Amino acid sequence: MRPLRVIAVLLALVCEGIAGIALMRGFGIPALFVHVAASGWTAALFRRAFEDHTHVGFALIFATAFFVPFLGTLGLVAVAASTPRGTTAPERDCVRTRIPRPPEMVDSPISPVGCRQAGERQARIEALTALRGRSDPAAIAALRQAMEDRDEDVRLLAHALLEAKNRAAWREIDAANGALDRAPQRRLGSIHRRLASQYWEVAWLGLAQGECLDHALGTARRHTMMALDQDPRSASLHLLLGRIELRLGAPERAEAALLRARDLGLPAGVAAPYLAEAAFLRRRFDLVRSHLAMPARATPGGAAARVRRYWT
């Protein structure tokens with residue numbers, strides 16, 4: 001403690017002593033006033049010593065000095081003397097650090113995030129409106145991303161568009177299920193094929209997530225198997241089954257279905273990317289390279305072309 005503060009504390013103790021003597025001599029009211037003044041003086045001194053600048057700290061120190069006369073002040077002196085200065089300051093709960101935003105797809109014509117960077121609300125709404133007639137995974141992903149936009153109108157529009165696509169897909173599935181219940185035996189295969197394609201489209205587009213996705217994939221697989229019972233030599237059904245098995249995490253079954261589809265006439269270039277994916281999941285990297293080495297029709301700048309360039 002500093003010398004001036006020591007002198008001030010000694011004066012507070014002297015005041016406490018005077019208050020005690022006055023109390024013993026029968027001067028209760030003056031003794032109380034002197035004690036209150038000494039307690040307030042002590043609280044003001046030790047509030048600075050403990051580096052506590054809050055009203056709660058002042059009240060706590062004042063209560064200690066007031067309700068424990070003389071000994072309370074001595075206890076505060078002992079605590080202040082044994083506490084190094086600067087070590088009792090409370091730690092900050094959090095530190096604000098400015099983190100730069102990651103680069104975003106500014107040049108994407110369908111991404112509301114790219115328009116968001118320019119701060120143009122109308123441009124974001126127009127970008128979402130352009131997705132109304134599109135049904136592909138990129139469009140659905142953009143709509144889901146727009147549902148986290150800071151603007152409420154953009155979020156509501158994205159939710160309305162996504163909900164409309166969802167309702168349309170499940171309405172077609174309900175209609176096909178109704179037709180399945182009334183269909184004669186000869187039409188069961190075609191309806192199972194349609195239901196398998198519709199459930200697969202729901203999963204592929206990203207309209208279903210979590211348990212709904214598992215249900216859509218499982219139902220698509222079941223209808224595909226039923227359709228294959230009616231038409232076991234359909235290459236397209238075996239291809240669909242292979243893609244479903246890949247999403248279900250069954251690369252062995254997927255590879256068997258894809259090889260069967262290729263044997264039934266499916267072009268090798270169509271099956272090659274899916275066979276490469278199945279080989280990758282099976283950790284057969286030698287087969288990945290051989291499958292991707294097959295000629296295939298792909299967009300030069302697409303994901304499949306980039307994967308093929310990496311592996312070959």
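**View 1. Helix 11 and helix 13 cross with a left-handed twist.** Here we're looking at helix 11 (residues 235-247) and helix 13 (residues 268-281), whose axes come within 11 Å and cross at roughly 30°. That makes helix 11 roughly parallel to helix 13 (angles under 35 degrees count as such). The axes are lines fitted to C-alpha atoms, for helices over the stretch in contact, with angles from 0 to 180 degrees between N-to-C directions. Left-handed means that the near helix is turned anticlockwise from the far one by less than a right angle. Helices are DSSP runs (H or I) of at least four residues, numbered from the N terminus. This is a predicted model, where local features need pLDDT of at least 70 and side-chain atom pairs count only at pLDDT 80 or more, while totals for chains, interfaces and linings use all residues. Residues are numbered from 1 along each chain as its sequence is written, and side-chain values use heavy atoms, leaving out hydrogens and water.

**View 2. Helix 10 packs against helix 11 the other way round, roughly antiparallel.** The two axes come within 10 Å and cross at roughly 155°, and angles over 145 degrees earn the antiparallel label. The crossing of helix 10 and helix 11 is left-handed.

**View 3. Arg 221, Glu 245 and Arg 253 are joined into one network by salt bridges that share partners.** A salt bridge here is a side-chain nitrogen of Lys or Arg within 4 Å of a carboxyl oxygen of Asp or Glu. Arg 221 meets Glu 245 with N and O 2.6 Å apart. Since Arg 221 sits in helix 10 (residues 211-230) and Glu 245 in helix 11, the pair ties together parts 24 residues apart in sequence. Glu 245 also pairs with Arg 253, the closest N and O atoms being 3.0 Å apart. Glu 245 itself is buried at 2% relative accessibility, whereas Arg 221 is partly exposed at 26% and Arg 253 is partly exposed at 44%. The cut-offs are under 20% for buried, over 50% for exposed and in between for partly exposed (1.4 Å probe, protein chains only).

**View 4. Arg 124 and Asp 149 form a salt bridge between distant parts of the chain.** The closest N and O atoms are 3.0 Å apart. Arg 124 belongs to helix 6 (residues 121-129), while Asp 149 is in the loop between helix 7 (137-146) and helix 8 (152-182), 25 residues apart. Arg 124 is tucked away, buried with a relative accessible area of 2%, and Asp 149 counts as buried at 2% too. The whole structure has seven salt bridges.

**View 5. Phe 280, Leu 281 and Phe 285 make a nonpolar surface patch of about 260 Å².** Patch members have over 30% relative accessible area and no salt bridge, with nonpolar side chains joined within 5 Å and like charges within 9 Å. Areas come from the Shrake-Rupley method with a 1.4 Å probe. Phe 285 belongs to helix 14 (residues 285-292) and is partly exposed, at 34% relative accessibility.

**View 6. Leu 188 and Gln 230 are 42 residues apart in sequence but 7.9 Å apart in space, C-alpha to C-alpha.** Leu 188 is in helix 9 (residues 188-205). With a relative accessible area of 17%, Leu 188 is buried.

Note on methods:
Helices (H or I, at least four residues) and strands (E, at least two) are DSSP runs, numbered from the N terminus. Angles under 35 degrees count as roughly parallel, over 145 as roughly antiparallel, 65 to 115 as roughly perpendicular and the rest as oblique.
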